[in-house]
Amino acid sequence: MRYRSSLFSLLLASLAFMCSSTLAEQSRSECELRVGWDDWPPYFEFENGQFYGLEYDLLKATADAAGCSLDMIQVPWVRALHMLSKGSLDLLYGASYSEERDEFSRYSLPYRQEQFILITKSEAYDQGRSVSLHDWLQSTPAHGGRSRLGLFRGNFYGEKMERILDDNKDHVERVYLGSNEQMIEMLTRNRLDGFITEDGVARMLTGTFPPAVQRLIIKEQVADPLHYIFSLEVPVEVIERFNAAIINNTQD
């Protein structure tokens, strides 16, 4: 009787293990994440039915390692943040940390660094020269008014950069736009004095529009970590798998 009882217990344990393994595999295979994306050349682009760019490659490789498929939904960044907060999207990429976003999302580990650059017309500085954002905002533009600075809607530029902008609120007119094309157009038409963008984008723009625009390194800004941010409805286990993939990628 004791033997039959032991055998029965062993069978139950085996069955429980098989069920848990099956459920785990099923959960892994059913991990499909709705991702908000928009054109962000050269980091994230879509052409001829294919996605490409550094951000997409990193996202796809990380999701594959985490056992998740991606349902790509094109949506502007500000709306994407709102959709994530409501659970209509599961994942966004290229997000810096902010307390506001922390209230409605969960962050992955950092997966790469971001460096912001000031783009201006090629008049006063040499290409790639460092410039103090504080001093640039304090200087009087040729048109005699406040410095008109282009910023991307919904972007958070880090606590130090945001503090510089706040400290110079009397010297800067913030102009919020949604694309690099709008930034370049307004800059070349003298409706902006400069705009802030990421270094990879800045290098692309200065290569596309030389010598009309120049890339200036902002002295006060150090590279900031970028994260994936997840809706609160995404299981923690999925985020942990993303973190494991990020760790493996950084160790390679």
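Two strands count as paired if DSSP finds at least two bridges between them, and helices (H or I, at least four residues) and strands (E, at least two) are DSSP runs numbered from the N terminus. On that footing, the predicted model holds an open sheet of six strands with mixed pairing, in the order 9-13-8-12-10-11. Strand 9 (130-131) and strand 11 (172-177) sit at the edges, each pairing on one side only.

A word on the ground rules. Residues are numbered from 1 along each chain as its sequence is written. Since this is a predicted model, local features need pLDDT of at least 70 and side-chain atom pairs count only at pLDDT 80 or more, while totals for chains, interfaces and linings use all residues; side-chain values use heavy atoms, leaving out hydrogens and water.

At one edge, strand 9 runs parallel to strand 13 (residues 213-218), with two bridges between them. Here valine 131 faces isoleucine 218 of strand 13. Helix 8 (residues 199-208) packs on the sheet, touching strands 8, 12 and 13 (contact: heavy atoms within 4.5 Å).

Further along the chain, helix 9 (residues 236-251) has 16 residues and spans 23 Å from first C-alpha to last, close to the 22 Å expected at 1.5 Å a residue (1.5 Å times one less than the number of residues). Its buried residues (under 20% relative accessible area, 1.4 Å probe, protein chains only) include Val238, Ile239, Phe242 and Ile246.

As for confidence, pLDDT (the predictor's per-residue confidence, from 0 to 100) averages 87 over the chain, and 86% of the residues score at least 70. Residues 1-29 stay under 50, with five contacts beyond four places in sequence. Where pLDDT is low, the predicted coordinates should not be read in detail.

Key: Axes are lines fitted to C-alpha atoms, for helices over the stretch in contact, and angles run from 0 to 180 degrees between N-to-C directions. Buried means under 20% relative accessible area, exposed over 50%, partly exposed in between (1.4 Å probe, protein chains only).
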